[in-house]
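Hi,

Here is the structure I promised to pass on. Have a look first, and my notes on the side-chain contacts follow below.

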Amino acid sequence: MTPQDGAANIVDFLDEELVGQDVINEVLENEKGTIVESPVMFADEDDNESFDFARWERHRSPVRYSRLLIGTFFGVTSRRISPVVLAVAGLSAALDVYNAAVDSGQEPYAGLPDLSLPLVPFELTAPVLGLLLVFRSNTAYERFNLGSDASWQITGRFRSLIRQLMSWTADNKRFSREERLASYDLIDSCVLMHWIIMHDYLRPGHVESPQERAKLFRKALGNVEFKASSSDGSSKTVELHEMILGGNKASRLTPSTGITAISVGIATRLPTLDTQETTQIDEQFCEIMTYLGTCEKLLRTPIPLGYTRYSVRFLWVWLTLLPLALVDKFAEFGERPVLVLAMVITSFSFLSIEEISVQIEEPFCILPLELHHKWLIRDVKQMKRMGRVVDKIFSDRETMAPAMESLNSGHQQHRTVNGDSNEVSKDSSNTVQQLQQEGQQYDIEIPKNHLNNKSTPEQQNSNIRPGKFSSIRMVGRKVKRKIRSRLKRDQSNKN
């Protein structure tokens, strides 16, 4: 798989109905063959592309001592330093053979001096060399950590920007159908811009194709084309990206230009956005540009070259002269290659630390930038699916709006009737209580079948009508007649 094939895939995936197709299934072949060894947590072991809980468990497993031991001999770091280690081992072996021949007095080595140095200078300079390598590796790791933070922040800001475009334009009462479709195009342009940053700008060896640039501007600004007249008087269609880059198809699109195109597209194609929403979107772009500047700083500004060169020179001289100080110490072992073995172990240890520092000094060659884009595509795919579901729900609501209005008016009438019936029920209960009190005062029994209603309050409220008071009126007349007759009889008895 070539970088051009990868560019064709990323252009084709935007033509799908849903963004989220896995454009990059693995690291590009030219990146797999790089001399840089990826850290263990980013190695593509067991075809697992993420460092999940199972991978953490494996990472902490005691089996790692035996599993990772093979990398000591066949790892990329070991292969890179192997020429220097072999050179030191060969020099040590030649020195050991030479001194043994001189000590034996064989011709033509008889009378030649032994090659050796005192061990004290190396004992004094060993801590200095150790501190030099430690400071070098710590500085390189700080750069690696800073690059990792910046790349993750760029991905997170793009994800937040896409979420804002998806959620804010979902309100069909504010945004038209054209603006909603424009938001989907702007989301596609954000995904493509993220791919250009992660694979074209922060990774070596690939420049985005004209098709990628045309797709980016088309998704961000719409189908904008211009007619240009040639020298022979004919006119031809000129893409916007060709005009911006001055007609140079081989020129490289800067991330600032692409982000500006997306920002202009949001401002022109989504005019309904209010000032607060536009400000929040602009803050996302500002943060992306800030972290992109951090990445550019790491790419363009290495650790001071004098520091790196001095470390390599000091280490090389120290390892080259160390056999001269150890040859006499290991002479007692005779013809056994103890000196060679000691120098291989020593040189491998020091050179590995220096080599790893060089590897992580430029972090973007070993960071999982392709996985950043895969995870972003996965999130955008689910967001767009959810957005289409929401659009369908709102569309159905608009279709059912007349029926809902009539239903709501029916509920309003029902609430009005229930309110009137509640008032009637309250009046009737007050009347019954008054009759009961008057009857008890004059020892008059009121028929219970007229006063007691065994139905539930809901049934009473729903069944009460003005005619229902006829029985209560009759009871009231009877009570009044009985009260008058009782009063007349009491008056006559007094007389």
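Let me start at Glu57, which is exposed, with a relative accessible area of 51%. One thing to keep in mind throughout is that this is a predicted model. The partner of Glu57 is Arg60: the two form a salt bridge, with 3.4 Å between the closest N and O atoms. Arg60 counts as exposed too, at 52% relative accessibility; the cut-off for that label is over 50%. Both residues sit in helix α3 (residues 53-60), and because they are 3 residues apart there, about one helical turn separates them.

That is one bridge; the structure holds 13 salt bridges. Another one pairs Arg180 with Asp391, where the closest N and O atoms are 3.1 Å apart. This pair links distant parts of the chain, since Arg180 belongs to helix α8 (residues 177-201) and Asp391 to helix α15 (residues 369-399), 211 residues apart. Arg180 and Asp391 are both buried.

Helix α8 also supplies Asp185, and its partner Lys219 is in helix α9 (residues 210-221), 34 residues apart. The N to O distance in the Lys219–Asp185 salt bridge is 3.6 Å. Here the burial is mixed: Lys219 is buried at 14% relative accessible area, whereas Asp185 is partly exposed at 23%. Which residues does the network around this bridge join? Through shared partners, salt bridges connect Asp185, Asp188, Lys219, Arg269 and Lys384.

There is a charge over a ring as well: Arg388 lies over the face of Tyr184, 4.9 Å from the ring centre.

Now the aromatics. The count comes to 5 aromatic pairs. One of them is Phe122 with Trp318: the ring centres are 6.0 Å apart and the planes are at 65 degrees, so this pair is edge-to-face. The label follows because planes over 60 degrees apart count that way. Phe122 lies in helix α7 (residues 120-168) and Trp318 in helix α13 (residues 305-326), so the contact ties together parts that are 196 residues apart in sequence. Both rings belong to buried residues, with relative accessible areas of 9% for Phe122 and 8% for Trp318. Buried means under 20% here, so both values qualify. Phe350 comes in too, as ring pairs link Phe122, Trp318 and Phe350 into a cluster.

Cheers

Terms used:
Residues are numbered from 1 along each chain as its sequence is written. This is a predicted model: local features need pLDDT of at least 70, side-chain atom pairs count only at pLDDT 80 or more; totals for chains, interfaces and linings use all residues. Side-chain values use heavy atoms; hydrogens and water are left out. Rings of Phe, Tyr and Trp (its six-membered ring) pair if their centres lie within 6.5 Å; planes under 30 degrees apart count as stacked, over 60 as edge-to-face and the rest as tilted. Helices (H or I, at least four residues) and strands (E, at least two) are DSSP runs, numbered from the N terminus. Buried means under 20% relative accessible area, exposed over 50%, partly exposed in between (1.4 Å probe, protein chains only). A charge sits over a ring if NZ of Lys or CZ of Arg is within 6 Å of the ring centre and within 35 degrees of the ring normal. A salt bridge is a side-chain nitrogen of Lys or Arg within 4 Å of a carboxyl oxygen of Asp or Glu.
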